Structure formats: C-alpha cells, structure tokens
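Thanks for making time this morning. I would like to take you through the ligand site and the pockets of the model that I am about to put on the screen.

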Amino acid sequence: MDYQEIIKAQRTFFDTNTTKDISFRVKELKRLKHVLQENESLLFDAIYKDFKKSEYETYTTELAIIYQEIDLAVKKVKKWIKKKKVATGVANLPASSYVIPEPYGTILVIGAWNYPYQLSLVPAIAAIAAGCTVILKPSEIPIHTSNAMAQLINQNFDPQFFKVIEGAVQETTALLKNKFDKIFFTGSTSVGKIVYQAAAKHLTPVTLELGGKSPAIITEDVHIDMTAKRLVWAKFLNAGQTCIAPDYILVASSIHNQLLEAVQKYIQKAAYKIENHNYTQIINQRNFNRLLELIDPAKVYYGGESTAQDRIINPTVLTEVSLSDKVMQEEIFGPILPVLAFDSIGDAITIVKKLSKPLSCYIFTTNKTLKNKMLNELSFGGGAVNDAVMYFMEKNLPFGGVGDSGMGSYHGKAGFETFSHYKSILQKSFLIELDLKYAPYTAGKLKWLKKLIG
Ligand code: NAD
C-alpha cells in the first residue's frame, strides 16, 4: 500500500477546509455511530473470535464508551470550537484578545489490543470532532477486530478523510516514516519511545497513552468488604488485561488478612468463566507464557490454575510478595493480583515512588489526612478515591498518563483539545494609535510607560 499517496490525499482534502465545517464533523460522527450500531453483531463476533470477550462486556466497556463519546462531541462541538475571549493589557488598548482552536490536520492514531475498539475509535472521534482527517492503525494482535474496523470504516468513509490501515511492526514503522500533524499512540512504554523518536524527526506532536504498575493503596479505616468487591471487579475485568487495572495492592498490615478473605469471597462469587460471559482468554500464547512465569507457586493465596489450550489463567492472588519478585518488576496486564502489606503510609508511598509513575492510582481510605497526603505526594496519571477503574468512564475527566505512563490526555473536551492547536489573536482597531512605542524615546514617554505597565 502506498502510504505516501494516502497521506497526500488526506492533506489535499484537509486543505479544502471541508473538515472545518461543523456540519461535516457532526454528519461524519453520526455516520460512524450509525455504521457501528448497524454492525454490532459483526463487532461482537470478531472480538469473541480474538479472545472470547462476551457481548455484554464488549457493549459496556467498548461500544457504550464509543457511543457516549460520539454523542458528547455531537452535542458539544459547536461550543468547543468557539473562540475564547481573554483580557487585553493596557499596552494594546483599545483591542480584544482571543484564542481560536484550529484542527492540527492529518492525524495518525495507533491502537492497542486490549480494548481494541474503543482505544482505536475514541481518539479517532476526538480527531474528527476537532476537524482533522484520520489514519487509524489498529493493533494487529486481535486480527478479527482489526479486520472488522477496516471493513466498516473503509467501506463507509471517504479514504481522504478517514482510513484504516492494518498492519504490524513493519507497516507501522513504514507509516511512521511519514510526516503527520499529530500522532496519538496507545500501547507499551517501550513502543511509545519508538513512536516518540519517529515523530521527533518531523517535529510532530504526540499524545502517548502508555502503561505501568497502577497501585491500589488501602488504609485500615476502609469498608473492607466494599473495597474488596470494587477491586476484584476492576482487576479481573477483561482477565486483568486493562491498562488501568489495579496492578498490585498495598494494604495496611492490620487488615491484610481480612482483605484477602474478602477478595477471595468476591472472586468466588463472580465465578469468572468464559461461559459466564465475565472472563476472557489471555490474548496470545506469548502473554500466556509470560504471565505464568509471574506466578510463584509458593506465594499463591488463591487460584493459580491455568488451561493452556484455551489460554485461560484463573484469577490468582499472591501474598508475601516482595519488590524483588518478578511480578513486581513489570506491568502484569493479566489476572494476577499481588498483595503487599505496609506498616505506615510512608512505607506505602516509598514503594510506589520506587517504581515508575503509574497510569492510575487507587486510594482507599476514609482518613482525610492520609488521602490528602497520598494525593499530594504521589505522581500518577489519574485515579480514584475509594474505587478503581471507574474514573475512566467519567467523560468530563481528562484521561492520560504522566512520566513513563504517557503524555497528553483525551476523552470528551480534552480529546477535542488534544487534536486542536489554539491560535492566539490580538485584534486591534484603527480608532487610535498611541505614540509611546515609537521613537524618539523621550523621558516623558518612559515615565508614562512605567505608569501604564507598572
Ligand atoms: P504495544 O506497544 O505492543 O502495541 C501498540 C501498538 O504499537 C500496536 O498497534 C502495534 O502494532 C504497534 N507496535 C508494536 N511494536 C511496534 C514497533 N516496534 N514499532 C512501531 N509500532 C509498533 O502495546 P499492546 O501490547 O498493544 O498494549 C499493551 C500495553 O499498552 C500495556 O503496557 C498497556 O498498559 C498499554 N495500554 C495503555 C492504555 C492507555 O490508555 N494508557 C490503554 C491500553 C493499553
């Protein structure tokens, strides 16, 4: 495929200013929703073939999020696109100052495999709302979902405006050689660095949505049962293959045993199984093998069983885990939950700070002082107090990482802003012109200037 030709065609189309028209953006966003809704069964079948994700979870964790983003953009884009007035300093009066969002132009979106629809399409929706053209490269790992998106988008959209290009490392590397106006990448920190370097060659701005080890920190004053219930759901959703899943638990040693019992109770209650529509396969053999190596049999508190031919690993809880264990050396990204006990909140903070800045942090406490201490001292992309994962669903909360977990953010208005450049404009009139800035520079003029500027 000649990528240069496609990119050139998108640039030419962008230069016609068609995408700057609000009614065009709204029409295309509505078209996308219609196409997806009309073809839901194709989307459900594809993801089931890839890793046996159920219709229920595909709807709630993928399609519903996509539809919400489209609805919000359709409703709000007229407001988002408005110029924003700001105050003008005395040196320029009479005048007005304002900021106008303009679309970056031709965008490359690179998706990850774990929520293949929403991690590809939500950034594309934001780019369309902002008035850009989009080339989407979904992850090749869930091949059926990649094929499904390519089929639906490429059959229903003008490739000059929105095009899916499928492929793996070779194709992505070739795409990245070209100049885009913005690159939006979701994936691992190591590939994020490759994308960042490729973008730097063209001075292309990037948003990087990466991963990391997201902690859940639990102090002794919590509602233990509800904490366990929320954490178990957040951890084992998608068989733990969620970038914002709680990677590991740090719990006050005084409630360590009670928490473990409650965690076990809720795992058993959920009865995680493909047949129960609430569990998925591990995406591929490579990840299946990698995950098994993270389970130290001596440290299994619950679970640990696996079925190789189905690529299933049962929900597994590990105790007596130390920082030197393999499971604490890398992002788990699977259904394994290490639980570590701490004696003081300072110890818990030290552990989190020893690792790279996480994408998410979940603070479970009813103690306001401890909550504020953790919020103040820990750096992370985003998170929740007394819950996990659910902050992702809040469309008014920008979503993104910091440090090794990424840069930039999206969702709702933040997504529109991610694909917009904000042009600053000073608008003067021809009514008057003060002479203060012009030569000759006299002492009298300087005195006036000092009075005006301060
Ligand atoms: P990945 O980095 O392996 O792949 C992501 C994308 O990059 C894919 O489209 C892939 O084709 C492409 N790619 C892979 N190797 C490449 C290379 N050498 N050069 C150019 N492109 C390449 O990530 P993944 O396995 O799909 O996803 C798992 C990771 O993504 C985890 O670390 C997870 O935490 C993170 N993640 C982050 C978010 C987020 O929103 N922050 C969401 C989901 C996943």
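I will begin with the ligand and then turn to the pockets. Please keep in mind throughout that this is a predicted model.

There are 25 residues around the ligand, and those that come nearest are Gly111, Glu140, Ser188, Leu210 and Glu331. Looking at the polar contacts, we find an oxygen atom of the ligand 2.5 Å from an N or O atom in the side chain of Glu331, while a polar side-chain atom of Ser188 lies 2.6 Å from a ligand oxygen. With Gly111 the partner is a polar backbone atom, at 2.7 Å from an oxygen atom of the ligand. The ligand taken alone exposes 830 Å², of which the protein buries 90%. By class, the shell around the ligand comprises 13 nonpolar, 8 polar and 4 charged residues, and α7, β6 and α8 each supply at least two of the shell residues.

The ligand occupies the largest pocket, which holds about 1,300 Å³ of space. Of the 49 residues that line this pocket, Gly187, Ser188, Thr189, Ser190 and Val191 lie nearest its centre, and α8 gives the most to the lining, with 7 residues. That lining divides into 20 nonpolar, 17 polar and 12 charged residues.

Finally, the second largest pocket contains about 320 Å³ of space and is lined by 17 residues, with Glu57, Trp233, Leu237, Tyr272 and Asn278 nearest its centre. Here α4, α9 and α10 each supply at least two lining residues, and the lining as a whole has 10 nonpolar, 4 polar and 3 charged residues.

Note on methods. Residues are numbered from 1 along each chain as its sequence is written. This is a predicted model: local features need pLDDT of at least 70, side-chain atom pairs count only at pLDDT 80 or more; totals for chains, interfaces and linings use all residues. Side-chain values use heavy atoms; hydrogens and water are left out. A residue is near a molecule or strand if one of its heavy atoms lies within 4 Å of it. A polar contact is a pair of N or O atoms within 3.5 Å; within protein, one must be able to donate a hydrogen and the other to accept it, and residues adjacent in sequence count only if both atoms are side-chain atoms. Accessible areas come from the Shrake-Rupley method with a 1.4 Å probe; for residues, only the protein chains shown count as cover. On a 1 Å grid over the protein atoms alone, a cavity is a set of points where a 1.4 Å probe fits but cannot get out, and a pocket is an open set with protein on both sides within 12 Å along at least five of seven lines; lining residues have an atom within 4 Å of a point. A molecule sits in a cavity or pocket if more than half of its atoms lie within 2 Å of its grid points. Helices (H or I, at least four residues) and strands (E, at least two) are DSSP runs, numbered from the N terminus. Ala, Val, Leu, Ile, Met, Phe, Trp, Tyr, Cys and Pro count as nonpolar, Asp, Glu, Lys and Arg as charged, and the others, Gly among them, as polar. Grid points are joined across faces, edges and corners, and a volume is the space filled by probe spheres set on the points.
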